[in-house]
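This report describes how two chains are built and how they meet. Please read it beside the sequence and the structure.

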Amino acid sequence: MYSKGKEKTWKFFVLLCGLLMIALPIAIGIFLAVKGNALFYQYHHTLGEFLFTTTWKLKDDLVGGGKGGAAVFIVGSLIVCGLALLIAVPFSLAAAIFMTEIAPKWGTKILRPAVEIFVGIPSVVYGWIGMTVLVPFLQNVFHLKTGRSVLAGGIVLAVMIFPSITTVAADAIRAVPVSARMAAYGLGATRWQVTHQIVMPAAQTSVLTGVILGLARAFGEALAVAMVIGKTPAFPKGIFGQTATMTTVIASRMAELMEGSEAKAGLWTIAFILYLISLFFIFLIHIIAAKGAKKNK
Amino acid sequence: MTEVKNEKKARVEVSQSLIRRARAVDNIWTVVFYLVALFFLLLLFAFAGYVIIKGFTGAKPEMFRFDRNGVGNYFFNTVYLVFLSLLISVPIGVMGGIYMAEYAKDNAFTKFLRIAIETLSSLPSIVVGLFGYLIFLVATKSQPNLLVGAICVAILSLPLMTTTTEDALRSLPPSYKLGSMGMGATLRQTIQSVLIPACVPRIITGVILAAGRGFGEAAALLYTTGSDTNIKWNPAAWVNPSLNPFNPLRRGGTLSLKIWTSFTASVGAEDVANLSSAILMIMVLSFSILAHYLEGRIKKKMGDTK
C-alpha cells in the first residue's frame with residue numbers, strides 16, 4: 001500500500017542506520033579520548049613521559065603523582081606483532097600461492113574452507129591451547145624456567161592472523177589477469193618463474209593490504225596474548241623473555257582499579273592509543289590502494 | 001669449422017643446463033607449497049580434534065549440569081547473549097546495507113561512511129568492550145549485565161551484516177528491481193517485498209557467520225557481562241530478577257569468559273576450561289561449516305539460473 005508517511009519513515013530509518021555506522025566509530029574515539037586525556041590534564045603527565053619512559057607505576061587513587069611511562073607496552077606490542085608477522089607471512093603467501101597457482105581445484109574445495117574455519121576459532125581457545133600445550137612444550141624443548149614468552153605470544157598470534165592474510169592474498173593473486181600468466185608460460189617460463197616474477201609482483205599491493213589487516217588484528221588481540229606472554233612489565237630479555245603489551249595490561253589490570261583514579265586514566269590512554277593505531281592501519285591501507293591504482297593507470 | 005660447431009654445441013649445453021636448473025627449482029618450490037598446504041590442513045585437524053577430544057575425555061558427568069558447578073549455564077548465557085546481539089545487529093545491519101546499496105550516492109559522504117564501516121570492523125574487540133563499559137555501565141552507574149555485552153557483540157558484528165546485505169543486494173539481477181518499479185511499486189515497496197526476500201538466503205549465511213564469531217567473543221565481554229553466573233532454573237527463585245535466566249539485565253558469564261577466568265584462577269579449573277573450549281569449538285565449527293555449505297548452495301543456484 002502506498003502512503004507518503006510510510007515512505008518517509010522508511011527512508012528516515014534507513015538513513016538513520018547509515019548514520020549510526022558513522023556515529024559509532026567517532027563516538028568510541030571521542031569517549032576514549034576524553035577518558036584518556038585525564039592522564040595528561042588531571043594528573044599532569046606529559047606525552048613524552050608516556051611514550052618514552054619505562055616506569056609504569058601509576059597510583060590507584062585520585063591524588064596521582066605516580067609514573068606513567070608506557071614505552072614497555074608499546075615496544076612489547078611491536079615486538080610480539082612483528083614476530084607474529086615474520087612467522088605468518090611466509091606461510092600465508094605459500095598457502096595462498098598453493099590455492100591459486102598450484103592446485104586451484106583442491107585448494108578452493110578443501111584448503112580455502114579450512115583456512116576460513118581457522119578465522120572463526122575463538123581467541124580464548126587459541127590462548128588456552130597456547131597456555132596448556134605450547135607453553136609447556138617450549139619450556140621442555142628449550143629448558144626454560146617458564147615457557148611463557150615473547151616467542152609463545154608470537155606463535156599464537158601468527159596462527160591467529162595466518163587465515164586473514166591468506167584469504168586476502170589468495171584473492172589478490174587470483175585477480176592477476178590470466179593473460180599475464182599465459183604470456184609468461186608462452187615464453188617457456190616454469191611455474192615458479194611465473195609465480196615469482198610475474199604474478200607476485202602484480203599482486204603486491206593487494207597482498208600488502210592483507211598483511212596490514214593481519215597486523216591490525218594482531219595489535220588488537222588481547223586475551224590470547226595475555227595467556228601466554230607472562231605478566232612482567234619490562235622490556236623482554238630476548239625471544240624467551242617475558243613482557244607485556246598494550247592489550248594485555250588493559251585486560252589484566254582494568255578490573256581491579258578504582259574508577260577515576262590515575263592508574264585507570266593511564267589504561268584509558270593506552271586504549272585510546274590502540275584506537276589511533278587501528279585508524280592508522282585503515283588509512284595506510286587506503287594510501288596503498290590509491291598508490292596501486294595510480295600505478296596501474 | 002669444428003670450432004664453430006663446438007661453440008654451438010657448448011651454447012646448447014649451457015641453455016639446456018639452464019632449463020634443467022629452472023625445472024629443478026620449479027619442482028622444489030612445488031614440493032614446498034604442497035608441504036605448507038598439507039601442514040596447515042593437518043594443523044587444523046589436529047587442533048580441532050585435540051581440543052574436542054581433550055575436553056570430553058577430561059569431563060565429569062556433573063560438569064554438564066545446568067547448575068553452579070556445571071558449564072550448562074555458561075552455555076545458555078553464550079547462546080542467549082548471541083541471540084540478543086543478533087536482535088540488535090541484524091535489523092540495523094540490514095538497514096545499513098540497504099542504505100549502502102540502494103540509497104547512497106557516489107559522493108564524499110558515502111566514501112566517509114565506507115571508511116567508518118572499515119574502521120568499525122578493524123577496531124580491537126577489547127576497545128569496543130571498553131566503550132560499552134564506559135557508556136552503559138560507568139555513565140549509568142549500573143552493574144555488569146548481559147544486555148551491555150550483547151550490545152558490544154552487536155557493534156562488532158554490524159560491519160559484517162552491513163557488507164553482507166550490501167553485497168547480496170548488489171548481486172541481484174537488475175531485472176528484479178526494474179520489473180517491480182515498472183509495475184509502479186515505490187523503491188520502498190520494491191526493497192521490502194522483492195529485493196530483501198530475494199536476499200534472505202545470503203543474509204542468513206551472514207547471520208550464521210556473525211553468530212559463530214559471537215560465541216567465541218571474550219575481550220569485549222571482559223568488563224561488560226561479569227564473568228560468573230548464578231541463574232536458577234526453578235521459577236520460584238525468580239522473585240529475585242538477577243536469578244532469572246531470561247532477564248537480560250543480569251550478570252552472565254559466557255563459555256569464553258569461563259576459559260579466561262580459568263587462566264587467572266588457581267589450579268583445578270582446567271577440566272572445566274577444557275570442556276568449555278571443546279563445546280565452543282563444536283559450536284563455532286558447526287556454524288562456520290553450515291555457513292559455507294549454504295554459501296556453496298547459493299552459488300550453485302545462482303550459477304544454474306544464468
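The text below treats chain A, the contact between the chains, the nonpolar core and two backbone outliers.

This is a predicted model, in which local features need pLDDT of at least 70 and side-chain atom pairs count only at pLDDT 80 or more, while totals for chains, interfaces and linings use all residues. Residues are numbered from 1 along each chain as its sequence is written, and chains are lettered from A and ligands numbered from 1 in the order in which they are written.

Chain A holds eleven helices and two strands, where helices (H or I, at least four residues) and strands (E, at least two) are DSSP runs numbered from the N terminus. Read from the N terminus, its elements follow the order α-α-β-β-α-α-α-α-α-α-α-α-α. Along the principal axes, the C-alpha atoms of chain A fill a box of roughly 75 × 75 × 35 Å. Of its 297 residues, 49% count as buried; a residue is buried if 20 or more other C-beta atoms lie within 10 Å of its own, exposed if 12 or fewer, and partly exposed in between, with C-beta atoms placed from the backbone.

The contact between the chains takes 61 residues from chain A and 66 residues from chain B, two residues being in contact if their C-beta atoms, placed from the backbone, lie within 7 Å. On the side of chain B that touches chain A, H1(B) gives the most, with 15 residues. By class, that side of chain B has 48 nonpolar, 13 polar and five charged residues; Ala, Val, Leu, Ile, Met, Phe, Trp, Tyr, Cys and Pro count as nonpolar, Asp, Glu, Lys and Arg as charged, and the others, Gly among them, as polar.

A nonpolar core is a set of buried Ala, Val, Leu, Ile, Met, Phe, Trp, Tyr and Cys residues joined through C-beta atoms within 7 Å. The largest one has 168 residues, of which A:Val156 and A:Ala271 touch the most other members, and helix H6 (residues 150-174) of chain A supplies the largest share, 17 residues. Leaving aside residues up to four places away in sequence, A:Ala271 touches A:Leu32, A:Gly36, A:Ile250, B:Val127 and B:Leu130.

Two residues other than glycine have a positive phi, as tabulated here.

| Residue | Phi | Location | Other C-beta atoms within 10 Å |
|---|---|---|---|
| A:His44 | about 55° | loop between helix H1 (4-41) and helix H2 (47-52) of chain A | 12, exposed |
| B:Lys141 | near 55° | loop between H4 and H5 of chain B | 7, exposed |
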